[in-house]
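Biologist: I am new to this model and would like a close look at one part of it before I read the rest. Please take me through that part slowly, and then place it in the whole.

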Amino acid sequence: MSLQALIFDVDGTLADTERDGHRPAFNAAFREFGLDWDWDVPLYGKLLAVTGGKERMKHYVDTFRPDYQKQADFDDLVAELHKAKTRHYTAMLAEGNVPMRPGIERLLREAMDAGLRLAVATTTTPENVTALLEHSLGKGSSEWFEVIAAGDIVPAKKPAPDIYLWALEQMKLEPQACLAFEDSENGIRASRGAGLTTLVTVNDYTRDHDFSGAAVVLTDLGEPDAPATALSGAWQGQGYVTLESLKILHKT
Ligand code: XBP
Ligand code: MG
């Protein structure tokens, strides 16, 4: 089956959003609500084991704050905290300081020019995705994506395959006609669970994750003047990922 669509994870894949984006936005929300919660860089790495901001906050309290007395309306507090966090995060994105990772814009444009279809499958909140795309990739760029599958649209977040299955269903495509792009173990468990051949680009938080099942693991997508390195898998491309190299990967 020929390659028809590319499906991208967002956080860590399109852009490095976690350490200096989501993390400080959570902390700003905690301060706003008078909580003494503070997520430093190493702690946040551990918390990334749980996807979804609301789920991550609950996991933090359950695992790291046995001293915290939950009130009956704890779920409502988490929902309010998450709204505040989204406000802080999208305000940071609006400043345009979160760039796309190497090769992303180049590959997206090449894929579109060749008539491939594009989609997003992520656990993050939908407005975070549009804010990132519009402010970092350019105005109107969220329209490049035929489907933006995000957040609570499916109840079971990654590593469940549901968000990818939902995107495939919306596009009326078989997984065999697509390639997925991921950066994390939870992400590849989701994409592989949906039957998708997956290309992984690692980042500082995910370098040591288990990526068995990946078609290839690369440092990044690379650019002509800044080559990527293959970390595992049968990569036959040159220093940067092109549509041609993806078609070969998809076939093998
Ligand atoms: C992304 C996430 C999200 C973000 C926070 O994972 O886990 O939870 O960190 O987003 P993936 P929200 O890249 O695998 O999709 O606070 O909006 O949930
Ligand atoms: Mg990710």
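Biologist: Is R106 buried or exposed, and what is its relative accessible area?

Modeller: R106 is buried, with a relative accessible area of 19%, where buried means under 20% relative accessible area, exposed means over 50%, and partly exposed is in between (1.4 Å probe, protein chains only). Before going further, please keep in mind that this is a predicted model, in which local features need pLDDT of at least 70 and side-chain atom pairs count only at pLDDT 80 or more, while totals for chains, interfaces and linings use all residues. Residues are numbered from 1 along each chain as its sequence is written, chains are lettered from A and ligands numbered from 1 in the order in which they are written, and side-chain values use heavy atoms, with hydrogens and water left out.

R106 sits in helix α5; helices (H or I, at least four residues) and strands (E, at least two) are DSSP runs, numbered from the N terminus. Not counting residues up to four places away in sequence, R106 touches L221, G222, E223, P224, Y240, V241 and T242, a contact being heavy atoms within 4.5 Å. With one of these partners, V241, R106 is 135 residues apart along the chain, yet their C-alpha atoms are separated by 9.4 Å.

The same helix, α5 (residues 104-113), also holds L108, which counts as buried because its relative accessibility is 0%. Apart from neighbours within four places in sequence, L108 is in contact with F8, L118, L137, W144 and F145. The C-alpha atoms of L108 and L243 are separated by 9.2 Å, although their positions lie 135 residues apart along the chain.

L243 appears again among the contacts of L3, which, leaving aside neighbours within four places in sequence, also include L116, A177, C178, L179, L246, K247 and H250. L3 is found in the segment before β1 and, at 10% relative accessibility, counts as buried. From L3 to R117, 114 residues apart along the chain, the C-alpha separation is 9.5 Å.

Next comes the metal site. The magnesium ion (ligand 2) is coordinated by D9 (OD), D11 (O) and D183 (OD), at 2.1 to 2.2 Å; donors here are N, O and S atoms within 2.8 Å of the metal (3.2 Å for Na, K and Ca), and water is not among the atoms, so sites may look incomplete. In sequence these donor residues follow the spacing D-x1-D-x171-D. Distant parts of the chain are linked in this way, since D9 is in the loop between β1 (5-8) and α1 (18-32), while D183, 174 residues apart from it, is in the loop between β4 (178-182) and α8 (185-193). Both D9 and D183 are buried.

Some backbone details deserve attention, given this background: most residues other than glycine have a negative phi, and most peptide bonds are trans. A cis peptide bond joins K158 and P159, with omega about 15°, and P159 lies in the loop between β3 (147-150) and α7 (162-171). That loop between β3 and α7 also holds P155, which at 78% relative accessibility counts as exposed; the C-alpha atoms of P155 and T123, 32 residues apart along the chain, are separated by 10.0 Å. K172, in the loop between α7 and β4, is not a glycine but has a positive phi of about 55°, and at 64% relative accessibility K172 counts as exposed.

Finally, the whole. The protein chain has nine helices and seven strands. Its radius of gyration is 18 Å, close to the 18 Å that the globule rule gives for 252 residues, so the chain is as compact as a globular protein of that length; the radius is taken over C-alpha atoms, and the rule is 2.2 Å times the number of residues to the power 0.38. Along the principal axes, the C-alpha atoms fill a box of roughly 55 × 35 × 35 Å. Buried residues make up 52% of the 252 residues, and residues 24 or more positions apart account for 63% of the contacts with a separation of 6 or more.
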